[in-house]
Structures are given as C-alpha cells and as structure tokens.
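Here are a few exercises to work through with the structure open beside you. Try each task before reading its solution.

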2 protein chains.
Amino acid sequence: MLKYQKIALEIEKYITVHSLKQGDKIPVIETLISQYKVSKSTIIKALNLLEDKGIVFMVRGSGTFVRGQIRKGYNNLLLTQDCREDDSKNPPFLRKIIGMEIVRAIPDVATALGLEEDSKVYSVRYVHYIEKQVLCMEQVFYNKNIISYLDKEIASESIFNYLKNILGLKIGFPDIYINLDKLNSEEASIFGLNIGDPMLCKEIIYHLASGQPFCYSRAVLNYKQAKFFIKGNRLNSYI
Amino acid sequence: MLKYQKIALEIEKYITVHSLKQGDKIPVIETLISQYKVSKSTIIKALNLLEDKGIVFMVRGSGTFVRGQIRKGYNNLLLTQDCREDDSKNPPFLRKIIGMEIVRAIPDVATALGLEEDSKVYSVRYVHYIEKQVLCMEQVFYNKNIISYLDKEIASESIFNYLKNILGLKIGFPDIYINLDKLNSEEASIFGLNIGDPMLCKEIIYHLASGQPFCYSRAVLNYKQAKFFIKGNRLNSYI
DNA sequence: CAGTGGTCTAGACCACGAA
DNA sequence: TCGTGGTCTAGACCACTGC
C-alpha cells in the first residue's frame with residue numbers, strides 16, 4: 001500500500017475515533033508532515049484523496065475540515081452495483097443468485113462490452129433483498145474471453161475480488177447510466193408492487209485498467225428504496 | 001488560470017481537433033513536458049484532472065488514452081441542476097422563471113441550509129423545457145444572509161456567475177440526492193403525464209468553499225427525460 | 001529491457017483567511 | 001501579518017506493459 005493511501009486511511013480512522021463532525025478541523029499539514037515524517041506533497045495527496053471521497057474539504061488560508069454526513073437511508077451511487085451499503089447502521093443486505101449460464105450476447109450486451117453480436121458471455125442473475133423485501137433485480141454479463149472461468153460459488157462471493165486476486169486482472173473505471181421507467185407485469189410481481197409503478201434502471205459498464213470493458217450490469221430497483229447520494233467536489237460545481 | 005488547468009484545457013482541445021476516439025493514444029508525458037516546458041508533476045496533475053473528468057485514462061507502462069463517449073440522450077448527472085446539457089448536438093434547452101419571492105424557511109429548507117426555521121430565504125421557481133415539452137420543475141432556495149440581493153433579471157441568467165463575479169463568493173462542493181416517487185395531480189398536469197407516473201427528484205445542496213451551505217435546489221423531472229450518466233474513476237471501483 | 005506512468009522528496013514561492 | 005493550503009520544480013527511484 002502506498003504512503004499517501006495509508007496516511008489517508010489513518011486520517012479517516014482519526015476522524016472516526018475522535019467522532020469528528022461536519023466543520024471540525026483536522027491537524028494542519030505541517031503537523032501531519034512531522035507526524036508521518038513524509039514530504040508536504042505526500043500529505044497533500046492523501047488529503048486530496050479524502051477530499052475526492054467527500055470526507056474532508058480543504059480551505060486555503062484556513063485549514064482542512066470534516067465534511068458532513070449524509071441523510072439517513074441514502075446510499076452512495078458510485079460505490080457498488082448494489083442497492084444499499086452494508087454497514088452496521090443499516091438493516092442487513094442480502095443477495096441471492098437465481099441463475100448463471102453462458103449465453104450469446106444480444107446487441108445491447110455486445111455493444112456495452114465491445115463484442116461482436118452472439119459472442120459468448122457469462123450471465124449471472126441476482127435478487128437483492130432488504131429485510132425480506134425485494135430491492136433490486138440485477139443481471140450481470142461478463143466477457144468470456146476475459147473471464148474464462150466462473151462458477152456459482154465464485155459468483156456468490158465477491159466476483160471482483162476473484163478477478164483481482166485470482167485472475168490477476170486490474171479493475172479500471174465504470175460508466176454508470178441511470179434512467180426511469182414503469183414496471184412491467186413480471187417485475188411488478190417480483191417486487192410486490194403494481195404494474196406501471198416507477199422503477200429505476202441502473203446500468204454499469206466496468207472497464208479493466210487497460211480500458212477494455214469486461215462487465216455489464218443492468219439492475220432494476222424498487223422505487224421505494226432507490227435513494228442515492230453523491231458527494232460532489234469542486235469539479236462538479238461549474239454551473 | 002493555473003498552468004496545469006491550462007494544459008488540461010489544451011489537451012482537451014487537442015483531442016477534439018484531432019477527433020480522437022475511445023482508445024486513441026495521446027502524447028506521452030515526456031513529449032508534453034518538452035512541449036509545454038513544465039515539470040513532470042505539472043503534466044501529471046493536468047492529466048489527472050482530465051482523468052477525473054472522465055476524458056482520458058492512464059495506463060502505467062503503456063500510455064494515456066482517450067476515454068469513450070457516452071450514449072446519446074444521457075446527461076451528466078454531476079454537472080448542473082439542469083436536466084440536459086445545452087450543446088449543439090442536443091435540441092435547445094430553455095428555462096423560464098415562474099416566480100421569485102422572499103419566504104420563511106420550512107424545516108426541510110432550514111435543515112438543508114443549516115438555518116433556523118423561519119429564517120428568510122430567496123425562493124426561485126423555474127420550469128425547464130425541451131422542445132416545448134416540460135422537462136423539469138425546479139425550486140431553488142438561497143440563504144438570504146449570504147446572498148443579500150437577488151432580482152428576476154439576475155435569476156434568469158447564471159446566478160452562480162453573479163455570486164462568483166459580483167459578490168465574490170467562492171463556490172465549493174455540492175451534495176446530491178436522488179430519489180423516486182409518483183407524480184401528484186399538480187405535477188402530472190404540468191408535465192402532461194398521468195397521476196402516479198414515475199418521477200425523479202434531484203436535490204442538490206451547494207456549499208461555499210468555506211463549507212457553508214448557501215443554496216438548496218429541489219427538482220422534479222419528467223421520467224422520460226431523466227437519463228443520466230456518470231463517468232466513474234478508479235475510486236469508484238472498489239466493489 | 002526499453003518505454004511509460006506513478007510515487008516521493010525538499011524546498012521555493014504564491015494565494016487566501018482570520019485576526 | 002501570520003498561519004495555512006496550493007502550485008511548481010528537478011530529479012531519484014519504482015512498477016508495470018509490451019516487445
């Protein structure tokens with residue numbers, strides 16, 4: 001683990017153990033330099049990392065401060081393809097595989113993964129539950145040329161860890177798409193909602209570090225649970 | 001304008017004028033160093049900026065490459081409180097003020113802006129159109145202690161430019177919240193949709209660079225137009 | 001093993017906020 | 001004016017990709 005990542009983690013821990021709240025100040029850069037015995041750039045890089053994650057904000061001439069918590073019940077839109085973060089404050093989150101097969105890519109899937117139509121892909125279907133209520137139905141496609149082997153056991157755990165640790169793949173960046181529609185009859189019956197009720201469709205295309213897309217996830221979410229937040233940064237403020 | 005920002009802009013322009021596509025390589029860092037006559041760190045900072053904006057991705061040992069374009073009809077979720085980016089490829093985007101007044105903050109607004117209940121705030125209501133169709137209804141609240149004067153003329157233009165350039169305020173970071181619901185009768189009639197049809201509610205709390213919230217926007221969007229994308233980065237990939 | 005991105009350093013100098 | 005964050009430099013050294 002790199003120095004600046006490690007320092008970022010420790011500062012994050014510092015904020016937790018001191019129960020710092022929105023607006024509380026964390027030690028100044030000079031202090032952190034002598035505490036961690038690294039150069040100024042390294043400290044700034046660590047703090048920038050925390051700023052990008054929405055944990056602190058830095059004010060020139062004044063200091064570095066803790067950024068506020070988010071409304072209850074909202075989930076980080078950027079973090080996972082899941083519907084809810086699984087932390088101790090929220091009710092437990094459950095995921096079940098309801099099917100895994102090798103299929104031929106339909107046009108949408110082929111486009112997302114940059115493949116020829118009818119190429120072989122793994123298809124894995126999940127249902128996500130929260131307190132026995134259906135939250136989200138997800139279908140995930142993996143490019144079989146890249147992930148040559150997959151089974152139900154691997155798919156039940158963290159596939160991405162398998163890809164990283166066992167296959168040695170390097171995960172890069174996701175493209176995320178959001179749109180709205182009405183539930184069809186099949187979806188409505190699974191969610192226990194009515195036909196025509198709102199639903200949110202969240203599609204994610206994951207790329208390897210090399211830029212090649214390898215995973216396409218399409219999730220349909222129960223509108224009552226589809227609550228998300230994003231902590232923007234300076235970049236996102238150019239109105 | 002800072003060196004690294006300027007260089008980032010020029011590289012962005014370079015990509016445009018050379019019509020570079022997904023996966024195309026841009027000049028290596030050494031080349032950019034001698035071209036712009038700056039240090040390596042400055043070039044890397046410029047490229048990191050472009051990477052954060054989702055314009056390029058960098059692969060160690062290999063090079064820096066252009067990141068792909070996004071599906072048509074989808075809008076950047078992070079960029080504005082508006083519903084659609086106003087570029088030449090999309091149909092023109094129109095915004096109309098339908099009311100401006102000074103009101104007392106109701107609890108939701110007071111919480112968002114960190115004010116006492118019943119504090120004075122500006123309320124500005126907009127309707128956003130796309131090709132004569134109603135896209136989005138937005139109500140924006142400004143803390144009157146920070147923005148002491150506002151009028152309809154200013155509110156019709158870019159308020160944020162007014163805040164930056166005339167009032168000298170420094171804009172910081174936004175908190176963005178997304179949730180779904182059904183249209184009520186009033187909303188349905190404005191959109192020309194049916195009661196109970198889906199809608200997306202997008203709330204944004206804008207903070208000054210000092211961390212103080214100064215603006216709270218609540219927008220209700222036509223579900224047929226509520227199509228968004230986000231270009232994630234490495235950070236967003238820890239599944 | 002050459003080419004390329006990435007980390008880290010030490011230090012000069014700048015820009016901004018608060019007193 | 002002083003404390004604090006931010007830019008920029010020059011260069012050493014490291015880590016990964018692809019030939």
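The exercises below deal with a predicted model and cover its symmetry, its interface and its empty spaces.

**Exercise 1. Work out how chain B is related to chain A.**

Solution. Start by laying chain B on chain A: a turn of 180 degrees and a shift of 0.0 Å along the axis does the job, with an RMSD of 0.0 Å. The two copies are thus related as by a two-fold rotation axis. Now look for the axis from the chain B side: the C-alpha of Pro198(B) is the one nearest to it in that chain, at 2.3 Å.

**Exercise 2. Describe the contact between chain B and chain A.**

Solution. First count the residues: chain B puts in 54 and chain A puts in 54. Next, compare the two sets. Since 100% of the interface residues of chain B are also interface residues in chain A, the copies meet through the same surface. Then take the area: about 5,000 Å² is buried between the two chains, with 61% of it on carbon and sulfur atoms. Last, check the charges: 6 salt bridges turn up across the interface. One of them pairs Arg71(A) with Glu203(B), whose closest N and O atoms are 3.0 Å apart.

**Exercise 3. Find out what lines the second largest pocket.**

Solution. Begin with the volume, which is about 490 Å³. There are 25 lining residues, and those closest to the centre are Arg71(A), Asp108(B), Val109(B), Ala112(B) and Tyr216(B). So Arg71(A), already met in a salt bridge with Glu203(B), comes up again here. Now go through the elements: those that give two or more residues to the lining are E5, H4, E6, E7, E8, E9 and E10 of chain B. H4(B) has the largest share, with 4 residues. Sorting the lining by class gives 10 nonpolar, 7 polar and 8 charged residues.

**Exercise 4. Locate the largest cavity and say which residues line it.**

Solution. A search of the whole structure turns up 3 cavities of 30 Å³ or more, and the largest has a volume of about 80 Å³. Then read off its lining by chain. Chain A supplies Gly172(A), Phe173(A) and Ala209(A), while chain B supplies Glu51(B), Val56(B), Phe57(B), Met58(B), Arg67(B), Gly232(B), Asn233(B) and Arg234(B). Two elements give two or more residues each: strand E8 (171-182) of chain A and strand E2 (56-59) of chain B. E2(B) gives the most, with 3 residues. To finish, split the lining by class: 5 nonpolar, 3 polar and 3 charged.

How values were computed: Residues numbered from 1 in each chain as written. Chains lettered and ligands numbered in written order. Predicted model: local features only at pLDDT ≥ 70, side-chain atom pairs only at ≥ 80, totals over all residues. Heavy atoms only, no water. 1 Å grid on protein atoms, 1.4 Å probe; cavity = no way out; pocket = protein on both sides within 12 Å on 5 of 7 lines; lining within 4 Å. Points joined across faces, edges and corners; volume = space filled by probe spheres on them. Nonpolar A, V, L, I, M, F, W, Y, C, P; charged D, E, K, R; others polar. Least-squares fit on C-alpha atoms with pLDDT ≥ 70 in both. Contact = heavy atoms within 4.5 Å. Buried area = accessible area lost by both parts, 1.4 Å probe. Salt bridge = Lys/Arg side-chain N within 4 Å of Asp/Glu carboxyl O.
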